[in-house]
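Me: Please walk me through the packing in this structure. Keep it brisk.

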Amino acid sequence: MAGFRQCAAVDVDIAMVPHPSVTLFVDLSDGDGLVRDAHGRRACGSTVAGLVPGALRLGGRAAGRIACLQIRLSPVWAAAVFGASADLSGTVVSWEDVWGRDAGRTEERLRAAASWDERFTIAADALGRRMSARPPLDPEVAAAWRLMRTGRGRVRVDELANELGWSRKRLWSRFRSQIGLTPKQAARLVRFDHAAHLLAAGEAAARVAAAGGYADQAHLHREVKAFTGATSTAVAAAPWLAIDDVAWPASFADPTPSRGERHGGPSTGIVGGGGRIRGR
């Protein structure tokens, strides 16, 4: 989880780059707050974006300030928090729709908190209560997801099924019903995420294609286009990825907080809260 805050009176408009997680954006803004635009529909307030949510943009006008608590949950944990991840894949919905009336009460507590650390604690407690109230995914499905993440998407479904002691058909059916994507689609998403971050780090597309296991550079470009609707060059400069080094460091250790705020990239207009930023 990470906190972001924009205090200057500027327009914020960021296109979301798909990520192998279900993402909760808790709107803590003054005034009109966050505006989401997905599938041609605009709405305000706290939002949950499922896996591969389509052309999602988040933004707003900082009349007073824009503030947001962003929480990324693997689909394994998302199923425990929100219910089956399959119900969220490809969608963008209001937080209250999937959390219930307690969403409003939790948001009020987060707004009233005096620091980001306090907000992180409140959010972690709320998530913990939800997780304890729902049955977990099949252990084999959770293990399949972990293997995909560990292998950065470069896994064969047949080998994955053999590793788990399931048939390919059973793995496909159970994984799709609980995660929301087929094993092949999920592996593609994980592999794309790795490639997108290499592009954002300045690696040449040819090197990224080779490192990511793509057949060639053209194959990489097709996958980027399929997931984002944009070119590899555009994704490499995407503000959404530019903030990842701040919000989601490779190390799980808490970075030392600064007195002020952390910038999330020159074109985002969004800065991270001065408190600690928790890893994935």
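**Core and helix packing**

Reply: In this predicted model, the largest nonpolar core holds 62 residues. Leu-69, Phe-82, Leu-171 and Phe-175 have the most contacts inside that core. Its top contributor, with eight residues, is helix H8 (residues 183-200).

Me: How many residues are in the other core?

Reply: This core lies apart from the largest one. Among its members are Met-16, Phe-25, Leu-58 and Val-92. The count is 10 residues.

Me: Which residues does Phe-82 contact, leaving aside neighbours within four places in sequence?

Reply: Two arginines are in contact with Phe-82: Arg-130 and Arg-134. The others are Val-22, Val-48, Leu-73, Leu-88, Trp-95, Val-98 and Trp-99.

Me: Is Val-17 buried or exposed?

Reply: Val-17 sits in the loop between strand S2 (11-15) and strand S3 (22-27). Its C-alpha is 9.3 Å from that of Pro-53, 36 residues away along the chain. The cut-off for buried is under 20% relative accessible area. Val-17 has 7%, so it is buried.

Me: Where around the axis of H7 do its buried residues lie?

Reply: Helix H7 (residues 168-179) spans 16 Å from first C-alpha to last, close to the 16 Å expected. Its buried residues are Leu-171, Phe-175, Gln-178 and Ile-179. They cover an arc of only 80 degrees, so they lie on the same side of H7.

Me: What covers the buried residues of H7?

Reply: Several helices contribute to the cover. They include H1 (75-82), H5 (139-150), H6 (157-164) and H8.

Me: Which residue follows H7, and what is its phi?

Reply: The residue after H7 is Gly-180. Its phi is positive, near 105 degrees.

Conventions. Residues are numbered from 1 along each chain as its sequence is written. This is a predicted model: local features need pLDDT of at least 70, side-chain atom pairs count only at pLDDT 80 or more; totals for chains, interfaces and linings use all residues. Side-chain values use heavy atoms; hydrogens and water are left out. A nonpolar core is a set of buried Ala, Val, Leu, Ile, Met, Phe, Trp, Tyr and Cys residues joined through side-chain atoms within 4.5 Å. Buried means under 20% relative accessible area, exposed over 50%, partly exposed in between (1.4 Å probe, protein chains only). Helices (H or I, at least four residues) and strands (E, at least two) are DSSP runs, numbered from the N terminus. Contact means heavy atoms within 4.5 Å. The expected span of a helix is 1.5 Å times one less than its number of residues. The arc is that of the directions from the helix axis to the C-beta atoms.
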